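Thank you all for making the time this morning. I would like to walk you through a structure that is new to most of us, taking it slowly and one part after another. Please have a look at it while I talk.

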Amino acid sequence: PSQLNFNNGNPGQTTTANTQSDGIIVNDTRGSKAGWTVTGYFNTNFYKTNDSNVQMPIANRMFWGANNGPGGSTITNITGTSGDAIGGANNNFPGIGSGNSLVLMTNNDIDNGAGAFNMTNLKFNYNIPVNAAVGVYTTALILTIA
């Protein structure tokens, strides 16, 4: 999805966003069966839309449920073989920037993930700092496939 919207929340609470109906699609059309991994990271902390000097940290406050299973994402095959793509670990982001990337989805080395796969119900939880200023905040999630 081009935008994820979190539920409203108060300082000290956890707010949630997910990709229930608008998933993340990976389509490997190379034909080489070379395998792939999709990683994600946040480029900046959350910043207040009308005052970028007011920020809320990502480090150890943003969690995603990328792993299939209870409370995690679902990966369905579109043109690939069912089971060839798997979710990464459910994990907290340790910080911002590409050095703090987490695995979102990868091939499982059976057919090296050839084809297209759709990941839905990817959950993001954010623990709002107790000293957070009320407002609307924005950040960018960067996804990379390699």
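Let me begin with an open sheet of 3 strands, in which the order is 2-11-7 and the pairing is antiparallel. At its edges we find strand 2, which covers residues 24-28, and strand 7, and each of these pairs on one side only. If we ignore direction, neighbouring strands in this sheet are turned against each other by 20° on average. I should say at this point that what you are looking at is a predicted model, so please hear everything that follows with that in mind.

Staying with this sheet, strand 7 pairs with strand 11, residues 115-120, in the antiparallel sense, and 4 bridges join the two. To find this pairing on your screens, you could look for T74, which stands opposite T120 in strand 11.

From here we can step back to the loop between strand 6 (62-65) and strand 7 (74-77), which is where S73 lies. Is S73 buried or exposed? Its relative accessibility is 3%, and because buried means under 20%, S73 counts as buried. The side chain of S73 also has a partner, in that it reaches the backbone oxygen of A66 at 2.7 Å.

Now let us turn to another sheet, an open one formed by 4 strands in the order 8-10-3-14, where the pairing is again antiparallel. Why do strand 8 and strand 14 each have one side without a neighbour in the sheet? Strand 8 (85-87) and strand 14 (141-145) stand at the edges, and each has a single partner strand, so one side of each is left without a neighbour. Here too we can give an average for how neighbouring strands are turned against each other, and with direction ignored that value is 20°.

Inside this sheet, I would like to follow strand 10 and the strands that pair with it. Strand 3, residues 37-42, pairs with strand 10, residues 102-107, over 4 bridges in the antiparallel sense, and within that pairing G40 stands opposite L102. Strand 8 is joined to strand 10 by 3 bridges, and these two strands also run antiparallel, with A85 standing opposite N107 of strand 10.

How many of the residues of strand 10 are buried? The count is 5 of its 6 residues, and the strand is therefore mostly covered.

Notes. Residues numbered from 1 in each chain as written. Predicted model: local features only at pLDDT ≥ 70, side-chain atom pairs only at ≥ 80, totals over all residues. Heavy atoms only, no water. Pairing = 2+ DSSP bridges. Axes fitted to C-alpha atoms, helices over the stretch in contact; angles between N-to-C directions. Buried < 20%, exposed > 50% of the residue type's maximum accessible area, 1.4 Å probe, protein only. Polar contact = N/O pair within 3.5 Å; in protein donor to acceptor, adjacent residues only side chain to side chain.
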